[in-house]
Amino acid sequence: MLTDPIADMLTRIRNAHLALHQEVSVPRSKMKEAIALILKAEGYVNDYTVGDREIKIALKYHQGKPVIAGLKKISKPGRRVYVGAQEIPKVQNGLGICILSTSRGLLEGGAAKDANTGGELLCEIW
């Protein structure tokens with residue numbers, strides 16, 4: 001049993017990029033599916049497929065280098081971080097995204113700001 005499944009997913013993606021793998025598989029959950037959907041929509045991964053027990057994420061590279069330069073888990077089990085709509089941070093001066101868990105589901109930081117809703121700041125990706 002994992003204490004923090006989202007951190008595990010981000011670590012698997014980070015490690016797969018460092019090893020230059022083409023895809024990575026993570027155990028399936030609705031929240032991880034939503035994160036994979038946001039990553040695909042924002043152009044950080046090529047595609048993802050959902051199986052019975054796992055999600056396979058096809059990683060994206062540009063000129064042999066990973067598109068994702070960094071992943072950082074912000075809200076942790078021991079310290080949850082909540083932000084209001086006006087406090088949503090810019091990641092790497094607008095070059096990255098943050099993912100929030102809101103009352104409207106998981107949203108990218110810009111979409112949450114447009115919807116004027118805050119929530120738990122899960123992670124930053126750049």
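**A buried aspartate and a pocket**

Let's start with aspartate 4. Aspartate 4 is buried, yet it has no salt bridge. Which side chain of opposite charge is nearest? That is lysine 73, 4.0 Å away. Keep in mind that this is a predicted model.

Where does aspartate 4 sit along the chain? It lies in the segment before helix H1, which covers 5-18. And what does it touch? Leaving out residues up to four places away in sequence, aspartate 4 touches Lys73, Ser75, Lys76 and Pro77. So much for that residue.

Now into helix H1. Threonine 11 lies in this helix. Is threonine 11 buried or exposed? Neither: threonine 11 is partly exposed, because its relative accessible area is 31%, and that class runs between 20% and 50%. Take lysine 72 as its partner. The two residues are 61 apart along the chain. Their C-alpha atoms are separated by 9.1 Å.

Next, the pocket. The largest pocket has a volume of about 160 Å³. Which elements give two or more residues to its lining? They are strand E8, 97-102, and helix H3, 109-114. Helix H3 gives the most, with 3 residues.

Who is in the lining? Ile88, Pro89, Lys90 and Val91 are among them. So are Gly94, Gly96, Ile97 and Cys98. Glu108, Gly109, Gly110 and Lys113 also line the pocket.

How does the lining split by class? There are 5 nonpolar, 4 polar and 3 charged residues.

To recap: aspartate 4 is buried without a salt bridge, threonine 11 is partly exposed, and H3 gives the most residues to the lining of the largest pocket.

Technical notes: Residues are numbered from 1 along each chain as its sequence is written. This is a predicted model: local features need pLDDT of at least 70, side-chain atom pairs count only at pLDDT 80 or more; totals for chains, interfaces and linings use all residues. Side-chain values use heavy atoms; hydrogens and water are left out. On a 1 Å grid over the protein atoms alone, a cavity is a set of points where a 1.4 Å probe fits but cannot get out, and a pocket is an open set with protein on both sides within 12 Å along at least five of seven lines; lining residues have an atom within 4 Å of a point. Grid points are joined across faces, edges and corners, and a volume is the space filled by probe spheres set on the points. Helices (H or I, at least four residues) and strands (E, at least two) are DSSP runs, numbered from the N terminus. Ala, Val, Leu, Ile, Met, Phe, Trp, Tyr, Cys and Pro count as nonpolar, Asp, Glu, Lys and Arg as charged, and the others, Gly among them, as polar. Buried means under 20% relative accessible area, exposed over 50%, partly exposed in between (1.4 Å probe, protein chains only). Lys and Arg count as positive and Asp and Glu as negative; His and the chain ends are not counted. Contact means heavy atoms within 4.5 Å.
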